[in-house]
Each structure stands twice: as C-alpha cells, then as structure tokens.
Protein chains: 2
Amino acid sequence: MAEALTGEAILAATEEVLRRYGPAKATVVDVAKALGVSHGSVYRHFPTKAALREAVTRRWLDAIHEDMESVFDLDLTAAETLRAWLQKLFDRKRRSHVDEPELFATFRVLVSESKNIPEYHVGYLVGQVARIISAGVETQEFVTDDVPTAAQAVWDATEKFHHPAHAQEWGNPHIQDAFDAVVSLVVDGLRYNRIPSAAGDA
Amino acid sequence: MAEALTGEAILAATEEVLRRYGPAKATVVDVAKALGVSHGSVYRHFPTKAALREAVTRRWLDAIHEDMESVFDLDLTAAETLRAWLQKLFDRKRRSHVDEPELFATFRVLVSESKNIPEYHVGYLVGQVARIISAGVETQEFVTDDVPTAAQAVWDATEKFHHPAHAQEWGNPHIQDAFDAVVSLVVDGLRYNRIPSAAGDA
DNA sequence: GGACTGACAGATTTCAATATCTGTCAGTCC
DNA sequence: GGACTGACAGATATTGAAATCTGTCAGTCC
C-alpha cells in the first residue's frame, strides 16, 4: 500500500463518484473501487453512507461561504454591499445551475437529505446579511430595531433567487429584472425611516 | 339512462376520484366507473386525460380567485389592503396544506402538470396586487413609477408564503412572524419616498 | 496491534413479465 | 341519428424474483 487512506482522500473520491454517477447511483462500493480499497475500509472513516455524503456537502457549501466573504472587502455603502452580496449569491447559484445542471441537481439532493445542512447553510448566510444590515444601521443608512429579524426577512424576500426549488426559473431571460425589482423593494424597505407623516396625506 | 352525461358531472366525479385516489392513481376508468358509464363516454366531453385534469384544476383555482376579491370590499388603506390580501392568501393556502395535506398535494401536482395553469393563476393574482398598489399610488401612500413591476416584485418577495414548494415550512410555529417581517419590509419599500437626502448622511 | 479485507444478513434496487390504462372507432341502442 | 359502448393497439404501471448495496465483524497481513 503506497499511502494511508485518509478521510480527505475518501471525500475527494466521493465527490468524483457523485459527479460521475449522480446522487441516486453513487454507492459506497463505487467510492471504494475508485480508491482501490474494500468498502469496509471506507466505514473505518465514516460511520454511514449518510455521514459521508453530509461531509462532502459541507465541504462544498463551505467554499460558497468563504467566497461570499469577499464582498465585505469592497468598501461600499451598506445598500451597495447588500445588493452586491445578493447579486453575487444569485450569480453563483444561477451559473452553477445553468452551466452544470446535473452537478447542481446532485448537490441539491445532497443538501435536502439532512435537516442540519440547510440550517447550517442558511444560518451562515443570514448571519452575513445581518452583518451588512448592522453596518447600515451604524451609518444610519438603514432603520430597524431588530437586525436578526430584518436579516431573516431579507433572506425570505429573496428566496426566489437563492432557493433551489426556484432554480428552473433562473434560466428565464427576464430573471435579472425581477431580481433588481425585488432587491430595490427590499433595500427601500430597510431605508424607510418611518416618519409618521411621511405617508397618508397629500 | 336517467340523465344526460354533462361536462359538469364529469368534472365533479373527477374531483371526487382525485380526492379519493390521489393524482398518481386516479384513472379515466375510475371516473367512468363513478359515473356508471364507459370510459369512452368521458372522451366525448374531454379530448384527453390531461384536458380533464386541467379543467378540474382551473375550477379549483377560480374559487380561490373569487374568494380573494372579497378583500377589496373592506375599505382599508392601500397598505392595510395589501397586508390583508397577502394574509388571506397565505391563510388559505396554509390551512389547505395543514388541514388536508393530501388534497393540497393533489392539486399541487395538478397545477404543475401544465405551464398554462400556473401562468393563469399567478397572472390573475399579480393583477390583483397591481390594483392594490395602483390605488395606493393614487392616494400617495405608495411611490412607484412602474406598477406592474412593483406588483411582480411584491409577489416574488412573498413567494415563501404562497409558492407550494415552500409548503413544508408553513407548519413552522414561527412562520407568521416571518410573514409579518417580510410584509412589513415590502410595504415599507413601497412607501419609501426616495428623498435624495433621506439616507447616507447623519 | 492497528489498518485493512471479504464474506455475510438484511435492506434496497433492478428488471422483465404481466396487468392496467389511454385514446380510437366501428358498431349498438333508443 | 346522436349518445353511448366495448374491443382493441400501443403506452404506462405494477409486481415479484434476482441482483446489488449497506453496514458488521471475525480474520489477515504487515
């Protein structure tokens, strides 16, 4: 045996097998075959097939999370940061879906297999939105007395542009216009400064 | 033969068969059996099984459309009307999903079988939103230079609370809080009056 | 002695034969 | 003669036997 079998090597092989066969056909035996070991060996590193799939999925999501951080280096206003952040997330997911639909579908299935994974993913991203809104409150660009709720509301209001259930609509040629309209509405909502006389009378 | 076989009788029988067996198991033969006729007779009134299912689905959606109109009789401000309208739609869909999950799932499948049906349904409802926003612009409660786009944006931003893909989240005990937060954000966004100096400087 | 193997039991999936369904139409019945 | 029937061809769905997969563990090998 040339090298010891590591968890990382198993994860890389598993990702490759998932790419090649898809989530329905990929088996632990396939992974072991790709590594030239018996499938029993894979079970020394991951207790179940589900745990192995979950580990691969977390690795994939972590790459997205890290990539999204780069928006914070751009030195924009809070409104601009929020728009750029949402656009970057949308672009990344849309491109993945349009360019590699099978791979996107594969990870979509993997993410939906556990309740922990979407919670982990959404929790991380809503936390980033909260950071952006918090900065906007600081500069008086945004008004809210409950940043976590506002962050969740922004996330929920933009569901159409990040939730994989809506991926089929991302190929629509006018989807970017719909995205711009929703983001403008949401950003205006965060800006709204609730002066009692601001509405209702001419 | 007691009475002539009518399209309406076939639709009623089809709905009953769909309730009993679900969309996967309901057959044209079942419908004919329920009516005490041969399945060939059903084909004298509807050209295909798909057309029959579509007619049943349209009938069901039309009842929702008509019911939603009642919000316009309430004599509220535009913001209140919009909130009441969205709440009513959400309540109706949520109750249907929570109280009769199988029936909801049945119609969910039926709606997704044709591209025309969701278009018809969404088109009608976004038209109602546009009427509400238009009234709000009239009274200067809302500000927008493009009512149809704003109406579509309101629809898209509230997708989580009416799109059946999110139905599983409607049982969550905090879903009403999430709804309130999104609707507040959206209504504030429509109110935002874009005074250039309103944001950005202390 | 610790990483790895491979045979095994029970669970799951595949596949092909069988049954049912959709849509048609020539013929029946009032 | 027009509404309805029922037998039919091709398409689709069901079923159960056979194959494969998951997870375990006693045994092998360095």
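Here is a short chat about B:His39 and the protein surface near DNA strand D.

Guide: Quick heads-up: this is a predicted model, where local features need pLDDT of at least 70, side-chain atom pairs count only at pLDDT 80 or more, and totals for chains, interfaces and linings use all residues. Residues are numbered from 1 along each chain, chains are lettered from A and ligands numbered from 1 in the order written, and side-chain values use heavy atoms, leaving out hydrogens and water.

Visitor: Why is B:His39 called partly exposed?

Guide: Buried means under 20% relative accessible area and exposed means over 50%, with partly exposed in between (1.4 Å probe, protein chains only). B:His39 has 43%, so it is partly exposed.

Visitor: Which residues does B:His39 touch, leaving out those up to four places away in sequence?

Guide: B:Val28, B:Val29 and B:Ala32; contact means heavy atoms within 4.5 Å. B:Val29 is ten residues from B:His39 in sequence, yet their C-alphas are 5.3 Å apart.

Visitor: What makes a residue count as near DNA strand D?

Guide: One of its heavy atoms must lie within 4 Å of the strand. There are 16 residues around DNA strand D, and A:Tyr43, A:Lys49, B:Ser38, B:Ser41 and B:Arg44 come nearest. Sugar and phosphate make up 59% of the strand's atoms within 4 Å of the protein.

Visitor: How do you know that A:His39 makes a polar contact with DNA strand D?

Guide: A polar contact with DNA is a pair of N or O atoms within 3.5 Å. A side-chain N or O atom of A:His39 is 3.0 Å from a base oxygen of DNA strand D, so the pair fits the cut-off.

Notes. Helices (H or I, at least four residues) and strands (E, at least two) are DSSP runs, numbered from the N terminus. A polar contact is a pair of N or O atoms within 3.5 Å; within protein, one must be able to donate a hydrogen and the other to accept it, and residues adjacent in sequence count only if both atoms are side-chain atoms.
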